[in-house]
Amino acid sequence: PVEDIWERYWQLFGQAARSGLFDIMAHPDLVKKFGHRPPGDLCRFYEPAVQAVLDAGVSIEINTAGLFKDVREMYPAKEFLELAAAAQVPLVISSDAHAPQDVGRAFPEAVALAKACGFQELQRFSERTRRSVPL
């Protein structure tokens, strides 16, 4: 069932966040791109994932690529981003470009989403060192 898939996905997401291997947890709710979502409030999955990234001190990503896929929305969902912003999880924005013309695609929309969810800054990385920049 979809509920079990989502449960396992988010368990693995939390384990990956806490592994120490990553600076950024990219497109957190990628599982939604397959079109199956469990019924009800998905915060039951998002809250432990936000806690995992917060505990691990890693950033999350707004990924604009979903706008151009069948899912037609950015990764992650607004509800996830609102929880992350409230917890002060660091944020980056990515276009997940696989071609030069896609670099930076839909960044204005991503910035607007970040601001609407309560983020006030973004993160930039250089040699695994993170620094904040205002939104």
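So, which strands pair in the parallel sense over two bridges? Strand β1, residues 24–25, and β2 do. Quick word on terms: helices (H or I, at least four residues) and strands (E, at least two) are DSSP runs, numbered from the N terminus, and two strands pair if DSSP finds at least two bridges between them.

Before I go on, some ground rules. This is a predicted model, where local features need pLDDT of at least 70 and side-chain atom pairs count only at pLDDT 80 or more, while totals for chains, interfaces and linings use all residues. Residues are numbered from 1 along each chain as its sequence is written, and side-chain values use heavy atoms, with hydrogens and water left out.

Okay, back to β1 and β2. Methionine 25 sits opposite isoleucine 60 in β2. Add helix α2, residues 43–56, and you've got a right-handed β-α-β unit with β1 and β2. Right-handed here is this: with the strands pointing away from the viewer, the path from the first strand over the helix to the second runs clockwise.

On to β3, residues 91–94: four bridges join it to β2, and the two run parallel. Asparagine 63 is opposite serine 94 in β3. To get from β2 to β3 the chain goes through helix α3, residues 78–86, and that β-α-β crossover is right-handed too.

Now, is β2 itself enclosed or open? Five of the five residues of β2, residues 59–63, are buried, so the rest of the structure largely encloses this strand. By buried I mean under 20% relative accessible area, with exposed over 50% and partly exposed in between (1.4 Å probe, protein chains only). Ser59, Glu61 and Asn63 point one way, Ile60 and Ile62 the other.

Let's switch to the aromatics. Searching the whole structure turns up seven aromatic pairs. Rings of Phe, Tyr and Trp (its six-membered ring) pair if their centres lie within 6.5 Å; planes under 30 degrees apart are stacked, over 60 edge-to-face, and the rest tilted. Tryptophan 6 and tryptophan 10 are a tilted pair, because their ring centres are 6.4 Å apart and their planes at 50°. They're four residues apart in helix α1, residues 2–18, so about one helical turn separates them. Both are buried.

Tryptophan 10 also pairs with tyrosine 9, edge-to-face this time, at 5.2 Å centre to centre and 85° between the planes. Tyrosine 9 is partly exposed at 23% relative accessible area, whereas tryptophan 10 is down at 6%. Ring pairs link these into a cluster: Trp6, Tyr9, Trp10, Phe13, Phe45, Tyr46 and Phe80.
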